[in-house]
Amino acid sequence: MVSLNPVRILRNEAEEERAETARLSSFVGAIAVGDLVKSTLGPKGMDKILVAHGRSAGQVEITNDGATILKAIGVDNPAAKILVDMSRVQDDEVGDGTTSVTVLAAELLREAEKLIEQKIHPQIIIAGWRRATQIALASLEKASVDNSGDPEKFHEDLLNIARTTLSSKILSQNKEYFANLAVEAVVRLKGSGDLSAIQVIKKLGGCMEDSFLDDGFLLDKKPGLHQPKRIEKARILIANTPMDTDKIKVFGSRVRVDAVSKIAELELAEKEKMKDKVNKIVNHNINVFINRQLIYNYPEQLFADAGVMAIEHADFAGIERLALVTGGEIVSTFDHPEMVKLGHCDLVEEVMIGEDTLLRFGGVPLGEACTVVIRGATQQILDEAERSLHDALCVLAATVRETRTVYGGGCSEMLMANAINDEAARTPGKEAVAMEAFSRALRQLPTAIADNAGYDSAQLVSELRAAHSKGDHTTGLDMEQGVVGCMKDLGITESFVVKRQVLLSASEAAEMILRVDNIIKAAPRRRGPDNRPC
Amino acid sequence: MVVNPASGDTRKMQSGAFKDKSKPKDIRSSNITAGKAVADAIRTSLGPRGMDKMIQSANGDVTITNDGATILKQMNVMHPAAKMLVELSRSQDIEAGDGTTSVVVIAGSLLEAAEKLLARGIHPSAISDAFQIAANKSVEILTKMSRRIELNDRESLVQSASTSLNSKVVSQHSSQLAPLAVDAILKVTDPAKDDNVDLKDIKVICQLGGTVDDTELVDGLVFTQRPAGANPPRKVEKAKIGLIQFCISPPKTDMDHNVIVSDYAAMDRVLKEERAYILNIVKQIKKAGCNVLLIQKSILRDAVSDLALHFLDKIKVMVIKDVEREDIEFVSKTLNCRPIASLDHFTAENLASADLVEEVSTGGTNKVVKVTGIQNQGKTVTVLVQGSNKLVLAEAERSLHDALCVIRCLVRNRALIAGGGAPETEVSLRLAQYAQTLTGVDSYCLRAYADALEVIPLTLAENAGLNSIATVTELRNRHAQGEQTAGINVRKGAVTNILEEEVVQPLLVSTSAINLATETVRSILKIDDIVNTMQ
């Protein structure tokens with residue numbers, strides 16, 4: 001017998017969106033996210049204020065970095081979430097292009113929406129996109145330049161890339177200065193690409209031009225009282241050990257005595273124990289001792305007697321990095337001095353930055369290590385400057401690994417778009433429509449750049465397209481003048497890896513979202529009423 | 001949650017080249033309004049005739065101050081852009097220490113100028129770039145105006161300190177506080193090689209009672225703690241001072257311990273041993289010849305027990321307890337002695353000597369312990385600030401800090417410029433001239449920037465109750481005729497050569513104010529959206 005009630009498969013509160021509705025909701029979500037970050041694109045892109053709610057309510061962040069913005073907003077829409085994740089991966093992978101990748105994916109979906117309105121099946125669109133991606137990649141590879149054979153030219157390339165990346169950030173005014181700084185820092189790494197050897201310290205006050213690169217390592221700590229403030233040829237022992245007392249860590253352990261003199265003896269014994277420990281440490285033939293934990297007055301004094309600079313309570317990241325750059329290891333026991341690897345550096349001294357005194361380790365054996373000190377007017381500016389510098393460093397490190405470069409300023413996008421268009425014209429079948437859509441989406445990137453700078457995007461982009469069709473493959477947007485210009489002369493260069501990653505991630509993500517035709521939201525887990533006082 | 005109400009519109013607009021930018025515009029104008037509001041709030045406290053603000057905090061505490069950084073810190077603003085201005089003033093406080101009000105007023109005025117430029121349809125990035133050019137040019141002009149000084153030119157230093165103090169509550173004491181600030185800084189610096197001053201070498205101690213007049217510079221140490229004990233020595237000549245970090249109280253292990261007392265005799269023994277233990281320590285102290293004992297505060301146990309105090313009294317040792325751990329470094333630097341962390345190290349060579357340690361009364365019933373005539377004293381100095389009530393005292397301390405910072409600026413960058421609105425007027429004039437040599441948007445923005453800087457003389461005149469328009473135009477006129485040092489003489493209520501009035505300020509204060517204000521305004525201009533986040 002057939003029941004008249006509709007058959008219910010899902011649980012009571014679960015939701016299901018099907019076909020058109022599902023697609024619509026993913027398009028809307030993805031496009032909204034794309035639009036959110038679109039205005040930050042390009043050298044004249046704008047910044048956003050992020051106001052935190054919830055736990056750290058009232059905290060303000062100002063940023064131009066796509067990944068940071070997207071990470072901060074909480075999205076509910078599944079498609080939007082995919083874009084956010086994608087930009088995060090881009091950030092981890094290559095560090096820059098986080099906005100571009102989101103905008104490109106959103107534009108692709110915007111085009112897809114139009115095609116679907118024309119009753120073209122998603123699978124056909126996807127087939128077209130795949131071909132388009134291959135063509136774009138091939139043309140990008142063809143256009144890429146590899147200068148790694150010529151060190152001088154390569155250095156110039158690196159500077160150009162740094163300048164291009166920084167020009168869209170808060171550091172744009174001082175980009176020359178910071179580009180040099182970032183390149184110098186990355187060149188010091190000698191190809192290892194280990195960014196953890198570059199330390200960034202932020203200090204309020206001064207202006208951005210007061211920022212500098214120090215070829216040593218800076219630690220925000222002070223040596224103990226009456227200990228040497230300056231040590232040459234330092235032999236450094238880095239430790240993580242309690243320097244108050246070696247406690248017995250059994251709960252409830254206590255001593256029972258029947259006389260005060262015995263307590264005094266015990267106290268003395270404890271002191272002797274500490275003295276032994278200090279002697280053991282000093283026996284490592286060191287003159288600098290850095291501990292992760294506190295050093296109490298008594299051991300501090302013993303160190304002072306031995307002429308050892310003892311630094312207490314160094315933070316965790318600090319000592320790990322210090323161990324890395326000085327070539328030492330972090331130890332917790334001191335019984336075998338011969339087995340311990342000490343850190344070395346030429347000079348340990350105090351330096352003053354702004355109002356604070358820091359400890360500088362100069363001439364460290366890991367010649368790659370360096371510290372960038374950023375100064376700025378407000379905390380927000382400092383944070384943003386750090387993010388921008390981080391982006392530049394990431395891109396540079398990626399370029400050192402994969403040395404090919406391409407031209408920026410919308411040049412590569414237009415190149416790819418034109419290549420796809422040419423191929424589309426030769427392709428029979430409905431894929432051609434999808435390929436054209438792909439090229440349109442690519443052209444949206446230079447359009448957004450021009451729009452953000454307040455120029456007439458329609459005019460500029462059509463000029464750009466005409467130039468590329470004529471065979472001028474280095475033409476791009478010159479946003480200083482608001483005209484179309486040669487990117488080679490202007491030195492607007494981007495890393496090939498970043499561009500490739502943008503193209504591939506965006507098309508993959510868009511494809512994934514397009515394939516969706518059903519969204520099922522699981523029923524929320526039941527919770528008991530919250531009776532806690534708030 | 002996707003917060004983007006504009007997303008629907010953008011899709012509609014996509015077809016044409018024209019784009020509606022209503023949301024970014026709204027955000028920008030809201031930011032500018034907030035910034036201007038903050039600047040307006042503290043504008044009236046600028047200058048020698050500036051007014052003070054009374055701030056009542058949530059828990060009922062009242063602060064009266066004229067210091068921009070302090071007002072803003074207490075104001076508890078909500079708007080993100082307004083918060084940036086608060087940070088700006090804090091940053092000026094760190095960098096220069098003075099000019100915290102000016103920097104916000106300049107930023108407010110620049111924002112107002114930017115608003116007008118935006119209304120004319122100039123793109124924010126273009127304005128932002130032009131402002132940076134203007135700032136660089138201004139710094140150049142200021143540097144050209146400035147006059148080099150040497151640190152032995154005491155008179156100039158005192159003048160600049162009193163300029164800073166003149167705008168504070170304590171202005172009537174400026175003739176006393178200014179030389180004091182100069183002496184304090186000069187005492188801790190070596191003019192030949194130092195190009196920075198660590199203000200931590202100058203200890204400012206506040207004591208209620210007396211008046212600001214009684215503020216003094218003590219070449220030595222001052223403790224607000226009374227000597228401990230029932231009948232301690234009040235005055236010790238030829239003092240041998242020991243700075244100890246161990247405790248004079250019954251022993252204690254780091255582990256928990258129990259003393260088990262099984263009978264009456266055992267109890268007696270416990271007491272006796274405790275006595276013997278402390279006596280042993282005291283004997284050691286006596287053997288070393290110590291007669292003044294400074295004891296670090298301990299949270300784990302009594303730093304000094306009553307019994308120990310009793311013994312120490314007997315051997316006529318002055319005991320000052322509860323010296324904070326942070327202060328130990330200062331004290332040991334001043335006395336040029338080592339802090340002693342264990343009894344074994346308590347020997348004669350680890351003691352410091354001073355000519356006199358004395359408990360003196362400072363206005364009213366309050367007493368402090370002064371240590372003077374220290375041998376081999378380190379490069380440190382103590383300032384004892386007094387005031388009749390808590391509010392005045394706090395303000396006096398802040399003002400003194402500003403004055404110290406002004407002198408520190410001069411140590412860092414040894415150049416002076418005239419005060420009284422003269423530099424701002426000059427920069428404004430020269431910048432406007434420079435703008436005429438340019439073409440395009442830059443010229444227009446530089447012009448606006450130049451006009452915006454006139455807010456400083458304008459506010460000075462307004463606050464002094466002068467006719468602001470008449471004064472500023474006269475000032476402009478005099479500068480146009482080449483009188484670089486013409487400024488507003490608040491005392492006479494007229495425009496005069498300000499150098500004759502001895503109103504001078506360090507170059508660093510002005511340049512840093514312009515640089516920081518411009519940097520902040522540029523970053524505010526670049527914002528086009530406020531996004532709420534969940535974290």
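In the predicted model, residues A:E413, A:M414, A:M416, A:A417, A:I420, A:N421, A:E423 and A:A424 of helix α12(A) are in contact with A:A432, A:M435, A:E436, A:F438, A:S439, A:L442, A:R443, A:L445 and A:P446 of helix α13(A). The two helices, α12 (residues 411-426) and α13 (residues 431-452) of chain A, pack with their axes 8 Å apart and at an angle of about 165 degrees. Because angles over 145 degrees count as roughly antiparallel, α12(A) and α13(A) are therefore described as roughly antiparallel to each other, and their crossing is left-handed.

The domain assignment of chain A gives domain 1, made up of the segments 15-146 and 407-521, and domain 2, covering 217-368. The C-alpha centres of domain 1 of chain A and domain 2 of chain A are separated by 53 Å. With respect to confidence, chain A has an average pLDDT of 82, and 94% of the residues score at least 70. Among the elements of this chain, the highest mean pLDDT (92) belongs to helix α5 (residues 122-143) of chain A, whereas the lowest (76) belongs to strand β9 (residues 254-257) of chain A.

Chain A also contains an open sheet of three strands, in which the order is β4-β16-β19 and the pairing is antiparallel. Strands β4 (145-146) and β19 (493-495) of chain A stand at the edges with a single partner strand each, so that one side of each is left without a neighbour in the sheet. Two bridges connect β4(A) with strand β16 (residues 404-407) of chain A in the antiparallel sense, and in β16(A) the residue A:R404 is the bridge partner of A:D146. Helix α16 (residues 496-515) of chain A packs on this sheet, where it touches β16 and β19 of chain A, and its direction makes about 65 degrees with that of β19(A).

In chain B, an open sheet is likewise formed by three strands, here in the order β4-β13-β5 and with mixed pairing. Its edge strands are β4 (202-208) and β5 (216-218) of chain B, each of which pairs on one side only, and the twist from one strand to the next averages 25 degrees. Strand β5(B) runs antiparallel to strand β13 (residues 381-387) of chain B and is joined to that strand by three bridges, with B:V218 standing opposite B:T382 in β13(B). Helix α8 (residues 174-188) of chain B packs on the sheet and touches β4, β5 and β13 of chain B, its direction making about 160 degrees with that of β13(B).

Key: Residues numbered from 1 in each chain as written. Chains lettered and ligands numbered in written order. Predicted model: local features only at pLDDT ≥ 70, side-chain atom pairs only at ≥ 80, totals over all residues. Heavy atoms only, no water. Pairing = 2+ DSSP bridges. Helix = DSSP H or I, 4+ residues; strand = E, 2+ residues; numbered from the N terminus. Contact = heavy atoms within 4.5 Å. Axes fitted to C-alpha atoms, helices over the stretch in contact; angles between N-to-C directions. Domains from an automatic or database assignment. pLDDT = per-residue confidence, 0-100. Parallel < 35°, antiparallel > 145°, perpendicular 65-115°, else oblique. Left-handed = near helix turned anticlockwise from the far one by under 90°.
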